[in-house]
Structures are given as C-alpha cells and as structure tokens.
Amino acid sequence: MPWLELSLIVRAEQQPRVEEALDDLGALSITMRDADAETPDEQAIFEPGVGELPLWPTITLNALFEADSDRRGLSEALGELLPWLEPDQLSFRDVADEDWERAWMDQFKPMPFGRRLWIYPWNIAPPEDDSVIVQLDPGLAFGSGTHPTTALCLEWLDGLEIAGKRVIDYGCGSGILAIAALKLGAISAVGVDNDPQALTASADNAERNQVADRLALFLPEDFAGEPADIFVANILAGPLGELAPTFAALAKPGAPFAISGILQGQHEELLARYAEWFDALRVDTREDWVRISGHRRHA
C-alpha cells in the first residue's frame, strides 16, 4: 500500500518537540537524516560515544502517515502544536510501497576479506569449501563489512593466529567482528555496545552463524570482564581516545589489538595516546579511514 510522507527541516534543539508532535498526530514511523546530506556540508555520524546521542545541526525528519491522511489538516495541526513552524519547513510526497529490506539484500553481495574470510547475506548459499563464512541478516545489521573501517578490522582478524583465543569486540554493532573471530577459530568472544538494539542484532547474527553459545554480549556499564587475548574496537576517534586506559586493561600483555573508526588526520593523536600502553604500532588505511594496530605492552 502507498504512504504519505511528511518531511520537516528543523534545528537539532527542536527535534525532540517536533518528534513528539508528529507522534501525537499519529505518525506510523519517524526517521532522521542530515539535512545537508549529499552536499559539501554533510556530516557523517557512524557510531556514538558511550552515552551519547549525536545529532546533526540541521535535521530532516520524515514521518509516514496513511496515504489518505489530510495534508491540510496535518499542516494546521502542526502549526498549532509548533507555533514557530514556517510553511517552507515542511513538505509532503506520496511514497509507493516497497520491500525495503529485500531491496537492501539485493544490493548486499558476498565480500572477501583477507585470505579466507567471507561475509555473505543470509539469503545466498555459501560454497562448500575451506572459506570461513559469516552470514548476516541485512535487516538487522549495524555493520556489514561495506564500510572501510569494518573491512580493515576484518582483514586484520583474518591475518591473526586466532585459534583457541578469547576476543573482545568493543562497539560490536552487528557483531560482525566478534562472529568473524569465532568463525576463524576463537574459543570465545565478548561483544560490548552502548545500543541495546545492536546487542539484539549481534545475538541474532550469532544464532544465524551457530556461535551464540560462545558469544557474550554486554552494555558497557554491565561489562567488567577479564583481559582478552585479542582486542578490537571499531568506534570513533573521540571515544577511542577517552577509552584508551579501559582498552589497555582489557588486553592481556602481548595481546594483538586494533582500533578503527578513525579518519585521516585523527590518527597521530591516537598513536601518541596508545603508545603509553601498546607497542609495535602501525597504521593502515582504506579510502579516508585508518586502522591502528599493535600489541599490548608486557609489564
């Protein structure tokens, strides 16, 4: 069935009140995107820091209503709820029904990482060979390997001697890195993320890959685990800097570690920060993104 989409362009500080008004008017769903998307002013937000909910300075809110909803009535009701709203801040369009998840799956193809690791969508049967296969549900994935930082971390994992090791994946998202480590031979893995929905996605993908019994999942405030044999964190430069002492405590002496989610130009400060605890630091890049890897220093 078709839908009616109402779009509003607002400032970040106006977003909570506008979202509340749209919800009061019966919006079936509300999504947000950068109002400057696809312009030189676009700002990427890939993953928030712990406890953060980052927003763009200017936001486009898209609300879906039933196709036969009264456009004029919605406009007038919004005007009453939001007296500061100007007519040129909102627009309507008809949206045809579409299986968005299926369209996403059709674009998600098998991808290789390193010597033997492959990421497959769950709806494509993998080959029966010596490849290590991780299957993901694109409908739940917070990370599919398509982003350069995820690819950098997957390739790093594929190059490790990982059999029998215990891995921590901090900022696990879809669980892709922890699951890949388990499929590569890790004995157990821990995924930590500040988004409960990410933990749900990780659990679902772990079940799909038959490794759920070896993957433990935690919110940051609930995790106080032992140091791991291998540590990886794919978040953003700000949290990576803040959490460096925590990460050092979570890596055993001599443990390989990798951090990513770092833009070119941000890595120098992080190299200096992590040199306090880690040795053999090296930088690898893909497109505009950086991975820093090394080993936890022995006491």
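**A guided tour of strands, a loop and a helix pair**

Select tyrosine 170 first: this residue stands opposite valine 192 in strand 9. The model on display is a predicted one. Next, extend the selection to residues 166-170, which form strand 8, and to residues 188-192, which form strand 9. These two strands pair in the parallel sense, and 5 bridges connect them.

Now show the sheet to which strands 8 and 9 belong. It is an open sheet of 7 strands with mixed pairing, and the strand order reads 10-9-8-11-12-14-13. Select residues 215-218 (strand 10) and residues 278-286 (strand 13) to display the edges. Each of these strands has a single partner strand, so one side of each is left without a neighbour in the sheet. With direction ignored, neighbouring strands of this sheet are turned against each other by 15° on average.

The helices come next. Select residues 148-158 for helix 4 and residues 176-183 for helix 5; their axes come within 10 Å and cross at roughly 20°. Angles under 35 degrees count as roughly parallel, and helix 4 and helix 5 are therefore roughly parallel to each other. The crossing of helix 4 with helix 5 is right-handed.

To inspect the contact itself, display the side chains of Thr150, Cys153, Leu154 and Leu157 in helix 4, which meet Ile176, Leu177, Ala180 and Ala181 in helix 5. Of the residues in this contact, 7 are nonpolar and 1 is polar, while no charged residue takes part.

Move now towards the N terminus and select strand 3, residues 58-66. Strand 1 (residues 3-11) runs antiparallel to strand 3, and 9 bridges join the two. Within this pairing, select glutamate 5, whose bridge partner in strand 3 is leucine 64. Strand 2, residues 29-34, is also antiparallel to strand 3, to which 6 bridges join it. Here the pair to select is isoleucine 30 and alanine 63, the latter in strand 3, which stand opposite each other. In general, strands of a sheet pair through backbone hydrogen bonds, either parallel or antiparallel.

The last stop is glutamine 14, located in the loop between strand 1 and helix 1 (15-24). Is this residue, glutamine 14, buried or exposed? Its relative accessibility is 11%. Because buried means under 20% relative accessible area, glutamine 14 counts as buried. Finally, add Trp84 and Gln89 to the selection: glutamine 14 is in contact with both, when its neighbours within four places in sequence are left aside.

Methods: Residues numbered from 1 in each chain as written. Predicted model: local features only at pLDDT ≥ 70, side-chain atom pairs only at ≥ 80, totals over all residues. Heavy atoms only, no water. Axes fitted to C-alpha atoms, helices over the stretch in contact; angles between N-to-C directions. Helix = DSSP H or I, 4+ residues; strand = E, 2+ residues; numbered from the N terminus. Parallel < 35°, antiparallel > 145°, perpendicular 65-115°, else oblique. Left-handed = near helix turned anticlockwise from the far one by under 90°. Contact = heavy atoms within 4.5 Å. Nonpolar A, V, L, I, M, F, W, Y, C, P; charged D, E, K, R; others polar. Pairing = 2+ DSSP bridges. Buried < 20%, exposed > 50% of the residue type's maximum accessible area, 1.4 Å probe, protein only.
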